[in-house]
Amino acid sequence: MVKQVVIESKKKIALIAHDNKKEDLMEWVKYNRGTLKQHELYATGTTGKLLERELGLEITNMESGPLGGDLQIGSLIADGIVDCLIFFWDPLEPQPHDPDVKALLRIAVVWNIPMACDRSTADFIISSPLMGREYMRKLPDYESYRQRLEHET
């Protein structure tokens with residue numbers, strides 16, 4: 001059985017960028033400021049502070065990524081709070097918190113939320129007509145998985 005959850009027309013969007021991608025994300029957010037200010041924004045610490053200072057956007061800031069911010073965003077996704085993830089990550093630069101990055105990307109897929117890891121995909125997501133209206137997001141049924149875990153304990 002597939003469950004559905006309503007994503008409201010005002011989306012809750014998480015914005016994250018690795019150091020080498022922060023400038024790219026800043027340019028993207030600046031270009032899309034008009035659209036983004038219609039939504040509720042979340043970010044990891046350093047990225048959020050830069051966006052607030054440079055663009056004057058109101059953002060709910062988590063910790064910096066290496067200090068647990070990626071995991072905090074992942075928790076918001078699992079709790080059904082964040083609807084969309086824009087994460088400009090650097091695939092060529094090893095990160096001290098690579099396991100956290102992998103966990104964040106995995107949890108976004110587990111809970112079936114739109115996710116962009118590069119500027120082109122972010123452009124497609126932000127320009128989608130679905131950004132400005134309600135959307136019925138399908139959630140996989142994890143009940144059999146949960147029941148199997150209960151029987152194993």
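The exercises below, each with a worked solution, concern a predicted model of a protein.

**Exercise 1. The order of the elements**

Determine how many helices and strands the protein has, and in which order they run.

*Solution.* Step 1: the secondary structure is counted, which gives 7 helices and 7 strands. Step 2: the elements are read from the N terminus, and the order is β-β-α-α-β-α-β-α-β-α-β-α-β-α. The chain thus begins with two strands and then two helices.

**Exercise 2. The overall form**

Compare the radius of gyration of the protein with the value for a compact globule of 153 residues.

*Solution.* Step 1: a compact globule with 153 residues would have a radius of gyration near 15 Å. Step 2: the protein has 16 Å, which agrees. Step 3: the extent is added; the C-alpha trace spans about 50 × 40 × 25 Å along its principal axes. Step 4: the contacts are examined. Among those between residues at least 6 apart in sequence, 73% join residues at least 24 apart.

**Exercise 3. Surface and charge**

State what share of the residues is buried, what area the protein exposes, and how its charged side chains are divided.

*Solution.* Step 1: a residue is buried when its relative accessible area is under 20%. Buried residues make up 41% of the 153 residues. Step 2: the exposed area is about 8900 Å², and carbon and sulfur atoms supply 52% of that area. Step 3: there are 19 positive and 24 negative side chains. The centres of these two sets lie 5 Å apart.

**Exercise 4. Helix α5**

Describe the length of helix α5, its buried residues and the elements they pack against.

*Solution.* Step 1: helix α5 covers residues 98–110, 13 residues in number. From first C-alpha to last it reaches 18 Å, close to the 18 Å expected at 1.5 Å a residue. Step 2: the buried residues of α5 are Asp100, Val101, Leu104, Leu105, Ile107, Ala108 and Val110. Step 3: these buried residues pack against β2 (12–17), α4 (69–78), β5 (84–88) and β6 (115–116).

**Exercise 5. The residue Asn112**

Locate Asn112 and explain what is notable about its phi.

*Solution.* Step 1: Asn112 lies in the loop between α5 and β6. Step 2: the phi of Asn112 is near 55°, a positive value in a residue other than glycine. Step 3: a general rule is recalled. Most residues other than glycine have a negative phi. Step 4: the accessibility is added; with a relative accessible area of 37%, Asn112 is partly exposed.

**Exercise 6. Helix α3 and Thr47**

Decide whether Thr47 is buried or exposed, and identify what surrounds helix α3.

*Solution.* Step 1: Thr47 lies in helix α3, residues 45–55. Step 2: the relative accessible area of Thr47 is 4%, so Thr47 is buried. Step 3: neighbours within four places in sequence are set aside. Thr47 is then in contact with Leu15, Ile16, Ala17, Lys22 and Leu25. Step 4: the whole helix is considered. Its buried residues are Gly45, Thr47, Gly48, Leu51 and Leu55. The elements that cover them include β2, α1 (22–31), α2 (33–36), β3 (40–43) and β4 (59–61). Step 5: after α3 comes Gly56, which has a positive phi near 65°.

**Exercise 7. A buried residue in a loop**

Find where Asp83 is placed and which residues it contacts.

*Solution.* Step 1: Asp83 is in the loop between α4 and β5. Step 2: its relative accessible area is 6%, so Asp83 is buried. Step 3: apart from neighbours within four places in sequence, Asp83 is in contact with Ile7, Lys10, Lys11, Lys12, Ile113 and Pro114. Step 4: a distance is read. Asp83 and Met115 are 32 residues apart in sequence, and their C-alpha atoms are 9.2 Å apart in space.

**Exercise 8. Leu71 and Ala103**

Describe the exposure of Leu71 and Ala103 and their contact with each other.

*Solution.* Step 1: Leu71 lies in helix α4, and Ala103 lies in helix α5. Step 2: Leu71 is partly exposed at 43% relative accessible area; Ala103, at 29%, also counts as partly exposed. Step 3: beyond residues up to four places away in sequence, Leu71 touches Asp100 and Ala103. Step 4: two distances between C-alpha atoms complete the answer. Leu71 and Ile107, 36 residues apart along the chain, are separated by 9.7 Å. Ala103 and Leu51, 52 residues apart in sequence, are 24 Å apart in space.

Technical notes: Residues are numbered from 1 along each chain as its sequence is written. This is a predicted model: local features need pLDDT of at least 70, side-chain atom pairs count only at pLDDT 80 or more; totals for chains, interfaces and linings use all residues. Side-chain values use heavy atoms; hydrogens and water are left out. Helices (H or I, at least four residues) and strands (E, at least two) are DSSP runs, numbered from the N terminus. The radius of gyration is taken over C-alpha atoms; the globule rule is 2.2 Å times the number of residues to the power 0.38. Buried means under 20% relative accessible area, exposed over 50%, partly exposed in between (1.4 Å probe, protein chains only). Contact means heavy atoms within 4.5 Å. Accessible areas come from the Shrake-Rupley method with a 1.4 Å probe; for residues, only the protein chains shown count as cover. Lys and Arg count as positive and Asp and Glu as negative; His and the chain ends are not counted. The place of a charge is taken as NZ of Lys, CZ of Arg, CG of Asp or CD of Glu. The expected span of a helix is 1.5 Å times one less than its number of residues.
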